[in-house]
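Student: I have a structure open in front of me and would like to go through it. Could we begin with one strand and work outwards?
Tutor: Certainly; please bring it up.
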Amino acid sequence: MSLEIVAARDINHAFDIVSIKPMENRSVVQPEEIGDFLYDFRESFRNYECYYQFDPYRETQLEADQVPAIKTFSQSIVRWLEEHDTEENRVLQQYGLSFQKIRCFAYKLGHVCDVAMEHGYGLFGLGD
């Protein structure tokens, strides 16, 4: 299952963006393994309940007023990684995720949120 999160004005615009690779800063692909990690540590991340609305099996839309909450969520992931650097081996063994991979996803998600906020867009989750 794959989930791509896109900053766009509507669903058609989102599909256009993912089909044009030079526009990569407007979308991020959630690594498949990260879903279980995020869920298991959901209490540690701000606004997880907002992020959880993205469904890896269908299209999901979050309105522009929800984008700042997703940005805060992405920042809380980075903060958690910084505060729990001694747990990387455990996370790697349990979820198959390095902190670098998680951090990269969180940073890219934050950049997608920045683009959405700059243009007044919402976020669209494009699932399988």
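Tutor: Strand S3 has a covered face, formed by Thr60 and Leu62, and an uncovered one, formed by Glu59 and Gln61. Please keep in mind that this is a predicted model.

Student: Why would neighbouring residues end up on opposite faces?
Tutor: In a regular strand, side chains alternate between the two faces of the sheet.

Student: Which strand does S3 pair with, and over how many bridges?
Tutor: S3 pairs with S4 in the antiparallel sense, over 4 bridges. Within that pairing, Thr60 has Gly125 of S4 as its bridge partner, and Gln61 stands opposite Phe124 of S4.

Student: And what is the order of the strands in the sheet?
Tutor: The sheet is open and has 4 strands in the order S2-S1-S4-S3, with antiparallel pairing. Strand S2 (27-30) and strand S3 (59-62) are at the edges; each has a single partner strand, so one side of each lacks a neighbour in the sheet. From one strand to the next, the twist averages 20 degrees.

Student: Does a helix come into this, and which strands does helix H6 touch?
Tutor: Helix H6 (residues 99-119) packs on the sheet and touches S1, S2 and S4. The direction of H6 makes about 145 degrees with that of S2.

Student: Back to the strands: how many bridges join S1 to S4?
Tutor: Strand S1 (residues 3-8) and strand S4 (residues 122-127) run antiparallel and are joined by 6 bridges. Among the facing residues, Ile5 has Gly125 as its bridge partner in S4, while Val6 stands opposite Phe124 in S4.

Student: So Phe124 turns up twice?
Tutor: Yes: Val6 stands opposite Phe124, and Gln61 stands opposite Phe124 too. Likewise, Gly125 is the bridge partner of Ile5 and also of Thr60.

Student: How many residues of S4 are buried?
Tutor: In S4, 6 of the 6 residues are buried, so this strand is largely enclosed by the rest of the structure. Both of its faces are covered: Gly122, Phe124 and Leu126 are buried on one side, and Leu123, Gly125 and Gly127 are buried on the other. S3, by comparison, has an uncovered face, made of Glu59 and Gln61.

Student: New topic. How many disulfides are there?
Tutor: A search of the whole structure finds 0 disulfides. For Cys50, the nearest cysteine sulfur is that of Cys113, 9.2 Å away. A disulfide requires the two sulfur atoms to be within 2.5 Å, so Cys50 is in none.

Student: What about Cys104: which sulfur is nearest to it?
Tutor: The nearest cysteine sulfur to that of Cys104 also belongs to Cys113, at 15 Å, and Cys104 is in no disulfide.

Student: Are those two cysteines buried or exposed?
Tutor: Cys50 counts as buried, at 9% relative accessibility. Cys104 counts as partly exposed, at 35% relative accessibility.

Student: What is the backbone doing at Asn47?
Tutor: Asn47 has a positive phi of about 65 degrees although it is not a glycine. Asn47 lies in the loop between helix H2 (34-40) and helix H3 (48-51). At 21% relative accessibility, Asn47 counts as partly exposed, because buried means under 20%.

Student: Staying in that region, where is Glu49, and is it buried or exposed?
Tutor: Glu49 is in helix H3. With a relative accessible area of 57%, Glu49 is exposed. From C-alpha to C-alpha, Glu49 and Ile70 are 9.6 Å apart in space, and they are 21 residues apart in sequence.

Student: What is the volume of the largest pocket, and what lines it?
Tutor: The largest pocket has a volume of about 300 Å³. Its lining has 16 residues, and Gln30, Gly35, Tyr52, Phe54 and Pro56 lie nearest the centre. H2 and H3 each supply at least two residues of this lining, and the largest share, 4 residues, comes from H2.

Student: One last residue: which helix holds His13, and what does His13 contact?
Tutor: His13 is in helix H1 (residues 11-19). Leaving aside neighbours within four places in sequence, His13 is in contact with Ala8, Arg26 and Tyr121. With a relative accessible area of 10%, His13 is buried.

Notes. Residues are numbered from 1 along each chain as its sequence is written. This is a predicted model: local features need pLDDT of at least 70, side-chain atom pairs count only at pLDDT 80 or more; totals for chains, interfaces and linings use all residues. Side-chain values use heavy atoms; hydrogens and water are left out. Two strands pair if DSSP finds at least two bridges between them. Axes are lines fitted to C-alpha atoms, for helices over the stretch in contact, and angles run from 0 to 180 degrees between N-to-C directions. Contact means heavy atoms within 4.5 Å. Buried means under 20% relative accessible area, exposed over 50%, partly exposed in between (1.4 Å probe, protein chains only). On a 1 Å grid over the protein atoms alone, a cavity is a set of points where a 1.4 Å probe fits but cannot get out, and a pocket is an open set with protein on both sides within 12 Å along at least five of seven lines; lining residues have an atom within 4 Å of a point. Grid points are joined across faces, edges and corners, and a volume is the space filled by probe spheres set on the points.
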